[in-house]
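The following report describes the fold, the nonpolar cores and selected side-chain interactions of one protein chain. It should be read alongside the sequence and coordinates shown here.

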Amino acid sequence: MFTGLVEEIGTVAELDPHDETGGTSLTITLPASSKLLEDAALGDSIAINGVCLTATALSRPDAAQPSFKVGIAPETLRLTNLGALTTGSAVNLERAVRADTRMGGHFVQGHVDTTAEIIRIAQDGNAVTFRFAPRDAERADVMRYVVHKGFIALDGTSLTITQVNDTEGWWEVMLIAYTQEKVVVARKKVGESVNVEVDVLAKYAEKSMAGYMGALGGTAIVKPVVESLVKDLVAQALGAHAPR
């Protein structure tokens with residue numbers, strides 16, 4: 001579990017598609033002053049661009065430049081943008097949350113749902129607005145969990161959704177000046193991709209509600225309630241209350 005608050009920006013030293021295990025591994029280097037690996041141990045979870053991965057090798061504590069290695073499963077390569085990383089790529093890093101850590105962002109699992117393309121970048125004062133469109137294969141599944149002022153994790157960064165267009169299939173977030181200096185999303189351009197994880201609490205709420213409605217008899221009972229609510233909302237918008 002993570003918070004979506006990026007601790008460090010690391011640099012890709014190597015993406016090896018044929019490592020000694022026969023799989024794919026990723027080696028990340030850190031600034032010499034980094035404290036990220038101070039209490040790290042083999043097997044620890046570290047989020048790289050929002051993907052929860054297991055540390056399989058760690059540099060010595062006295063190493064001039066701290067580094068660590070993780071293994072990447074084929075499914076992870078298919079679902080995320082990690083396979084597109086190259087030597088020198090910058091990546092967001094966050095260690096797994098501790099029980100005594102303040103939850104400054106939101107609950108992030110590190111289980112990416114899809115990737116999204118940056119389709120627009122616009123300056124707004126000293127802030128920057130980014131617009132994202134998820135890839136077609138998962139668009140419908142993702143957009144239903146994207147709500148105005150809700151949480152979303154982009155490359156592992158906890159952000160607030162500022163605008164949503166369900167018809168066209170996109171959403172926007174705004175990065176303040178401070179955040180622009182701390183996360184890799186701010187360095188990306190139109191056409192580049194980010195890893196997307198929607199708020200897991202929305203998924204739990206949806207499943208719980210589906211079970212509840214099923215127990216009540218499905219849409220036959222729920223439909224009149226929804227219709228009544230819609231009537232009231234329309235009436236209020238017109239300046240009157242609908243009769244009950």
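## Salt bridges

Glu7, Asp39 and Arg95 are joined to one another in a network of salt bridges. The model is a predicted one, and its structure holds 14 salt bridges in total. In general, side chains of opposite charge can pair when their charged atoms come close. Three further pairs are set out below, each with its N to O separation.

| Basic residue | Acidic residue | N to O distance |
|---|---|---|
| Lysine 35 | Glutamate 38 | 3.7 Å |
| Arginine 98 | Aspartate 100 | 3.1 Å |
| Lysine 203 | Aspartate 113 | 2.6 Å |

The surroundings of these pairs can be described in turn. Lysine 35 and glutamate 38 are both exposed. Arginine 98 has a relative accessible area of 51% and is therefore classed as exposed, the threshold for that class being over 50%. Its partner, aspartate 100, is likewise exposed, at 58%.

The salt bridge between lysine 203 and aspartate 113 connects distant parts of the chain, the two residues being 90 residues apart. Lysine 203 belongs to helix H4 (residues 200-216), while aspartate 113 is found in the loop between S6 and S7. With a relative accessibility of 29%, lysine 203 counts as partly exposed. Aspartate 113, at 19%, counts as buried, because that class covers values under 20%.

## Two barrels

Strands S1-S2-S5-S4-S3-S6, in that order, form a closed barrel of six strands with antiparallel pairing. Within this sheet, neighbouring strands are turned against each other by 45° on average, with direction ignored. Strand S3 (residues 45-48) pairs with S6 in the antiparallel sense over three bridges. Isoleucine 46 stands opposite arginine 95 of S6, and Arg95 is also a member of the salt-bridge network with Glu7 and Asp39.

Another six strands close into a barrel in the order S7-S8-S11-S10-S9-S12, and here too the pairing is antiparallel. The average turn between neighbouring strands of this sheet, direction ignored, is 45°. S9 and S10 form an antiparallel pair over four bridges. Isoleucine 152 has leucine 159, in S10, as its bridge partner.

## Nonpolar cores

Which residues have the most contacts inside the largest nonpolar core? They are Phe130, Phe132, Ile152, Leu154, Trp171 and Val173, in a core of 21 residues. At least two residues of this core come from each of strand S7 (114-124), strand S8 (127-134), helix H2 (139-143), strand S9 (151-154), strand S10 (157-165), strand S11 (170-175) and strand S12 (193-198). A second core, separate from this one, has 19 residues, among them Leu26, Ile46, Leu53 and Leu82. In soluble globular proteins, nonpolar side chains tend to be buried together.

Isoleucine 152 illustrates the packing of the largest core. Residues up to four places away in sequence aside, isoleucine 152 touches His106, Val146, Thr157, Ser158, Leu159, Ile161, Trp171, Val173, Val196, Glu197 and Val198. Of these contacts, Leu159 is also the bridge partner of isoleucine 152, and Trp171 and Val173 are listed with isoleucine 152 among the residues with the most contacts in the core.

## Asparagine 92

Is asparagine 92 buried or exposed? Its relative accessible area is 2%, so asparagine 92 is buried. This residue lies in strand S6 (residues 90-95). A polar atom of the asparagine 92 side chain lies 2.9 Å from the backbone oxygen of aspartate 155. The backbone nitrogen of valine 184 is 3.0 Å from a polar atom of that side chain. Apart from neighbours within four places in sequence, asparagine 92 is in contact with Val6, Glu8, Ile9, Ala47, Ile48, Asn49, Asp155, Thr157, Lys182, Val183 and Val184.

## Isoleucine 121

Isoleucine 121 is located in strand S7 and is partly exposed, with a relative accessible area of 34%. Its C-alpha atom is separated by 6.4 Å from that of arginine 131, which is ten residues away along the chain. Not counting residues up to four places away in sequence, isoleucine 121 touches Val128, Thr129, Phe130, Lys188, Lys189 and Val190. Phe130, one of these contacts, is listed among the residues with the most contacts inside the largest nonpolar core.

Terms used. Residues are numbered from 1 along each chain as its sequence is written. This is a predicted model: local features need pLDDT of at least 70, side-chain atom pairs count only at pLDDT 80 or more; totals for chains, interfaces and linings use all residues. Side-chain values use heavy atoms; hydrogens and water are left out. A nonpolar core is a set of buried Ala, Val, Leu, Ile, Met, Phe, Trp, Tyr and Cys residues joined through side-chain atoms within 4.5 Å. Buried means under 20% relative accessible area, exposed over 50%, partly exposed in between (1.4 Å probe, protein chains only). Contact means heavy atoms within 4.5 Å. A polar contact is a pair of N or O atoms within 3.5 Å; within protein, one must be able to donate a hydrogen and the other to accept it, and residues adjacent in sequence count only if both atoms are side-chain atoms. Two strands pair if DSSP finds at least two bridges between them. Axes are lines fitted to C-alpha atoms, for helices over the stretch in contact, and angles run from 0 to 180 degrees between N-to-C directions. A salt bridge is a side-chain nitrogen of Lys or Arg within 4 Å of a carboxyl oxygen of Asp or Glu.
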